[in-house]
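Take a look at the protein below. Where does it leave empty space, and what surrounds one of its helices?

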Amino acid sequence: MITTVHRHALTLISLFALAAIALAQSPDPELLRFWLTGLSSPDADVRLRTLQMTRYPVAHGGRAVQALIPFLTSESADERAWSAHALGSFTPTSLRTLFEALDHPDLAVRNAAAEGIERSIWPRECGSLDIPPSRARSAAWVERSLKSYEIVGSEGLVPLRTALSNSSEHVRVFAAMTLWKLDRDADLVRGELEIAEHDPSATVRFWARQANTRRQIRVDADTQAQIERWLDTVYEVESFELGGPAARELVRLGGVAIPALIESFFHSPRFPIGEPTYGPPTWILEQLGDDGIAALTIGLEHWYAYGRAWSAHSLFRIGPAALPAMPAILSAWKRDRDGRMQFEPRPYWDERYPSAFALAMRGGIPLPSSNSAWHVARLGSGAIPSLITALDDRLTLVRTYAAHALEGMESIAIPALGALEKRFSDPEPLVRVAAAEAVLAIAPEGEPIVARARAVLASRPSK
């Protein structure tokens, strides 16, 4: 029975959690004080819930970071992990703390720190982004990223160099991804990147190799001018088709076109915001092998929802070769802000762009899927180990998405049945149902686990 005391406690937990979310939007000092009260509560549930909801871009960076740092040495593993995750929302202020956390004895803290550093910056080519005034939140995001880039590119190189030999594969992957973004600004680490090209992890090898390849790209003035002319044609003439003549010329050029493609994809004055012309540049990147996969993976962090959507869509169309994007996909799930995958907006072309929608229906432009979780299956069986690990993630939505992705794999995901069955007793009904539905899609009829999955679904809470 829920008593009045219980209700009061639940209300307090909810209020402190809401304060954590509201801080993302407001510089109100009263709100900050209320949030700090939640962090200092003697009630462990209140503290944890406040930490859990502080995974959004938050104001008051200095005071917030100082309030979070003590939790990195908490006796509670959950508090340590969630505080490290929260610190990733306070960059650039928190970057120096995150650099130190790369050597933390707690694996979960190291992993969260590496992710926080990587997502704090965008590729070097994005240094001149000019976001429209109508996108004020995105403009603030860009400003934070540029400030973070300066710190990571100077003070972060030594910690990142050390991180490339960390015992955690996760840390090594995100360190290499960060160095990919830094491009030639990461020259100090080229020796360690060359060693990392022989890492036991295929994903680390991929990103180390790509980081080294990017550093060596040089484009002469004539070639750059030609690239710019072809990009103008892609956006102005071929914006409603895939694989037009100019796009194919850029594909023919190969890796030397990557810097210009990244710059134009993250920001191009050539097209109005919202037009479905993200399709042509992502199609070009699809054709460029590993170089294109790396750029599309970083596209999952695009400041605009449709940039994220087209990037995800292209990676899934590439299939198993895009498996090195898997850590970034899981990281994007962790940053989901509104119950949907951050890089999957609701389709709206049929309402706002009827001509584009009609063209897509005729096969001209494939629209991004409305739910990427199931489409992770297109990355193949190589994604299964990552998804099994994700089933144990602290975030409810990540566990749910992982179950959906395994469901989409059907019978090839049989090795994940044991991990899915453990989720039948998950504290969150959403996860239990997703795990049960996945088992029904994967397991052969007549297996005992099928009956247990049906029992889970039969006991689901009524709406």
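This report covers a pocket, a helix, a cavity and one buried residue. Keep in mind that the model is predicted.

**The pocket**

Start with the second largest pocket. It holds about 860 Å³ of space. Its lining is made of 29 residues. Those nearest the centre are Asn111, Glu115, His170, Lys334 and Thr389. Several helices supply at least two lining residues each: H5 (77-87), H7 (107-119), H10 (169-182), H19 (326-334) and H23 (384-390). H7 gives the most, with 5 residues.

**The cavities**

Rolling a probe the size of a water molecule over the atoms shows where empty space is left. Here the count comes to 3 cavities of 30 Å³ or more. The largest cavity has a volume of about 40 Å³. Its lining consists of Trp180, Gln210, Thr213, Arg214, Ile217, Ile258 and Asp291. Helix H12 provides the largest share of this lining, 3 residues.

The table sets out the kinds of residue that line each space.

| Space | Volume | Nonpolar | Polar | Charged |
|---|---|---|---|---|
| Second largest pocket | about 860 Å³ | 15 residues | 8 residues | 6 residues |
| Largest cavity | about 40 Å³ | 3 residues | 2 residues | 2 residues |

**Helix H12**

Now turn to H12 itself. This helix runs over residues 202-215, 14 residues in total. From its first C-alpha to its last it reaches 20 Å, close to the 20 Å expected at 1.5 Å a residue. At its start, a side-chain oxygen of Ser201 comes within 3.2 Å of the backbone nitrogen of Thr203.

Why is H12 described as largely enclosed by the rest of the structure? The reason is that 10 of its 14 residues are buried. Among them are Phe206, Trp207, Gln210 and Arg214. The cover over the buried residues of H12 includes H10, H11 (190-196), H15 (258-266), H17 (289-299) and H19. Two of these names have come up before: H10 and H19 also supply residues to the lining of the second largest pocket.

**Val431**

Last comes a single residue. Val431 lies in helix H26, residues 429-442. Is Val431 buried or exposed? Its relative accessibility is 0%, so Val431 counts as buried; the cut-off for buried is under 20%.

What does Val431 touch, leaving aside its neighbours within four places in sequence? It is in contact with Thr396, Arg399, Thr400, Arg423 and Asp426. Ala402 is 29 residues from Val431 in sequence, and their C-alpha atoms are 9.4 Å apart in space.

How values were computed: Residues numbered from 1 in each chain as written. Predicted model: local features only at pLDDT ≥ 70, side-chain atom pairs only at ≥ 80, totals over all residues. Heavy atoms only, no water. 1 Å grid on protein atoms, 1.4 Å probe; cavity = no way out; pocket = protein on both sides within 12 Å on 5 of 7 lines; lining within 4 Å. Points joined across faces, edges and corners; volume = space filled by probe spheres on them. Helix = DSSP H or I, 4+ residues; strand = E, 2+ residues; numbered from the N terminus. Nonpolar A, V, L, I, M, F, W, Y, C, P; charged D, E, K, R; others polar. Expected span 1.5 Å × (residues − 1). Buried < 20%, exposed > 50% of the residue type's maximum accessible area, 1.4 Å probe, protein only. Contact = heavy atoms within 4.5 Å. Polar contact = N/O pair within 3.5 Å; in protein donor to acceptor, adjacent residues only side chain to side chain.
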